[in-house]
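Reader: I would like a close look at one part of this protein, the second largest pocket, and then at whatever leads on from there. Please keep the account plain and tied to the residues.

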Amino acid sequence: MEGREFDYVIVGGGVAGCILANRLSADPALRVLLIEAGGKDSSPLITAPGGLLPIMLSGAHAWRYMSAPQQHLDGRMLYLPRGKVLGGGSSINGMAYDRGFHSDYDRWAQAGNRGWSFADVLPYFRKLETYAPAQNAWHGTDGPIQVTRANQDHPFARAFVAAGAQAGYPLTDDLNGKIRDGFGAVDLTVARGRRCSAASAYLRPALRRPNLTVLTQAHSRRVIFDGTRATGVVFRQQGKDRLATAAREVILSAGAINTPQLLMLSGVGPAAHLAEHGIAPVHDLPGVGQGLQDHLAAHVKYRSTKPWSMLRYLNPLRGALAMAQYLALRTGPLADPGMSVACMVRSDPALDEPDIKMLLVSALFAQNGRRMEPMHGFYAHINVARPQSRGSVTLASADPDVPPLIDQNYNATEGDRRVMREGVRIARRIFAQAAFDEMRGEELAPGPSVQTDEQIDAHIRAHAEADYHSTSTARMGSDPLAVVDAALRVHGLKGLRVVDASVMPHLPGGNTAIPVAMIAEKAADLLLGKETP
């Protein structure tokens, strides 16, 4: 790379990095470099939606981080995989297409971030998608990301939706549409039996452009500054440190864990904390790494009296037949991630909006997907949609190869504990409906003996798991702890921008991959000086 200069150097080939690489390199006058620490997304397990299971079980293509001991979860350390492959999380996640609530983005704008209300960002959600389930004002028809409706024919899925109606909840034909309320089908970033990741949708079509360079297995070490202007990035590839220089901007898209780590390694962050690790400050920015949010997941699990769960596909014969069906027709269990229905409900009927998200899982996983129990069953995967608890990402070392300290501070507020507790009770009420009578076995978790507030809280402390939706560690705003402005430029510096989940002022009430895609689409227009579509 020595001697080569680029206009834009993008650090991180995840969702945001792939989108930026595509949109910026569409201008042939711009020289764009994308640096990714992981490898290529060539594994067939990434392509096949049903390959999610072995990816989850193995932890392949991921930074295999662990959290700090969680004070409010009995001191447990939780597994926190982050995408380490082209496409980032979109190459290894559950493929849920989920925007969150309209009000999430209105709150961003109300916090002083002009241009980020739902009305402002809806055009970018529409721009990024080709939405097959419905054609209406809420969805796009010609974007790179293909969105389809999950198959709801599984008996567990049919029972879950029917049980919701029996319990008095509304049904919805679009959880990403006008009203985010009730029981309905999950939308997926899947088309024609293939995962539609940011790498396949955005990066692959741009790879032949002569003005785009993509490097894999290249671990960024630090941003280089000339005074207060970012001028390049030092990265390590094949054991050698190399320098990539940026004539216009360095863009950090390494995610809510790695972006704040890289900022601090580069001398941008809380000066006292940097001094602890012998790092000379370039710019004292106290909010770097602060405000970390993530969804915590609790589970209500039942044994099934019917052999209908995903466990059946671990049988070697069934597995071989499923592989043959997928290779020949792109259909069958390997064409489906196995999560097809969800609901948004209220912990208190007086609330204006739901505050609990619940997803039905058609198997009995343990360790949040890393192990499958040897019995048939199903469970509700429960989130506090918009948690109050906030944590931090801090340096453990000035060595870039040492993972940072990640402390989500899960379950820290009584508000979060109350909503999660009610989520457990609501899940039990749903599974108690007549729709599940044919298949419902005994309750495995929390278990029939766990009934009081104190008992449910104790179970959650002992068993809840991370949901891999980290955000807000370089958040957008104008207050003393804000890291970037509404144009995503790092406060107090020039030529440096952050475009990933770090910039979210708070965690949206849903999954994060599609909101990050929206942020990247909007950031590309900001960089190119284009008007909102």
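Author: What follows starts at the second largest pocket and moves outward through the helices, the cavities and a few single residues.

The model is predicted. The second largest pocket holds about 320 Å³ of space. Its lining is made up of 20 residues, and the closest to the pocket centre are Lys 301, Phe 365, Ala 366, Ala 445 and His 463. Four elements give two or more residues each to this lining: strand S19 (296-304), strand S22 (365-366), strand S27 (440-445) and helix H12 (453-463). Of these, H12 gives the most, with 4 residues. By class, the lining of the pocket has 10 nonpolar, 5 polar and 5 charged residues.

Ala 445, one of the residues closest to the pocket centre, is also part of an unusual backbone link. Most peptide bonds are trans. The bond that joins Ala 445 and Pro 446 is cis, with omega at about 0 degrees. Pro 446 itself sits in the loop between S27 and H12, and both of those elements give two or more residues to the pocket lining.

H12 also packs against another helix. Two packed helices are described by the angle between their axes and the distance between the axes. For helix H11 (residues 414-431) and H12, the axes come within 10 Å and cross at roughly 100 degrees. An angle of 65 to 115 degrees counts as roughly perpendicular, so H11 and H12 are roughly perpendicular to each other. On the H11 side the contact is made by Arg 417, Met 420, Arg 421, Val 424, Arg 425 and Arg 428, and on the H12 side by Asp 453, Ile 456, Asp 457 and Ile 460. The residues of this contact divide into 4 nonpolar, no polar and 6 charged.

Met 420 of H11 takes part in that contact and also lines the largest cavity. The structure holds 3 cavities of 30 Å³ or more. In the largest cavity there is about 110 Å³ of space. Besides Met 420, its lining consists of Gln 293, Asp 294, His 295, Leu 296, Val 384, Pro 387, Ser 389, Gln 408, Tyr 410, Asn 411 and Asp 416. The lining of the largest cavity divides into 5 nonpolar, 5 polar and 2 charged residues. Leu 296 belongs to this lining, and S19 (296-304), which begins at that position, gives two or more residues to the pocket described above.

The second largest cavity has about 90 Å³ of space. It is lined by Val 15, Ser 90, Asn 93, Ile 145, Thr 189, Cys 196, Ser 197, Ala 198, Ala 513, Ile 514 and Ala 517. Helix H13 (residues 513-528) gives the most to this lining, with 3 residues. By class there are 7 nonpolar, 4 polar and no charged residues around the second largest cavity.

H13 in turn packs against helix H5 (residues 118-128), at an angle of about 105 degrees and with the axes 9 Å apart. H5 and H13 are therefore roughly perpendicular to each other. In H5, Val 121, Tyr 124, Phe 125, Lys 127 and Leu 128 meet Ile 514, Pro 515, Ala 517, Met 518, Glu 521, Lys 522 and Asp 525 of H13. This contact has 8 nonpolar, no polar and 4 charged residues. Ile 514 and Ala 517 are part of the contact with H5 and also line the second largest cavity.

Two further backbone points concern phi. Most residues other than glycine have a negative phi. Arg 192 has a positive phi of about 50 degrees, and Ser 472 has one of about 75 degrees. Arg 192 lies in the loop between strand S10 (190-191) and strand S11 (194-195); Ser 472 lies in the loop between strand S28 (465-466) and strand S29 (496-498). As to exposure, over 50% relative accessible area counts as exposed and under 20% as buried. Arg 192 is at 68% relative accessibility and so is exposed. Ser 472 has a relative accessible area of 0% and is therefore buried.

A last residue to check is Gln 261, in helix H8 (residues 255-265). Gln 261 counts as buried because its relative accessibility is 5%. Apart from its neighbours within four places in sequence, Gln 261 is in contact with Leu 395, Pro 400, Val 402, Pro 403 and Pro 404.

Terms used:
Residues are numbered from 1 along each chain as its sequence is written. This is a predicted model: local features need pLDDT of at least 70, side-chain atom pairs count only at pLDDT 80 or more; totals for chains, interfaces and linings use all residues. Side-chain values use heavy atoms; hydrogens and water are left out. On a 1 Å grid over the protein atoms alone, a cavity is a set of points where a 1.4 Å probe fits but cannot get out, and a pocket is an open set with protein on both sides within 12 Å along at least five of seven lines; lining residues have an atom within 4 Å of a point. Grid points are joined across faces, edges and corners, and a volume is the space filled by probe spheres set on the points. Ala, Val, Leu, Ile, Met, Phe, Trp, Tyr, Cys and Pro count as nonpolar, Asp, Glu, Lys and Arg as charged, and the others, Gly among them, as polar. Buried means under 20% relative accessible area, exposed over 50%, partly exposed in between (1.4 Å probe, protein chains only). Axes are lines fitted to C-alpha atoms, for helices over the stretch in contact, and angles run from 0 to 180 degrees between N-to-C directions. Angles under 35 degrees count as roughly parallel, over 145 as roughly antiparallel, 65 to 115 as roughly perpendicular and the rest as oblique. Contact means heavy atoms within 4.5 Å.
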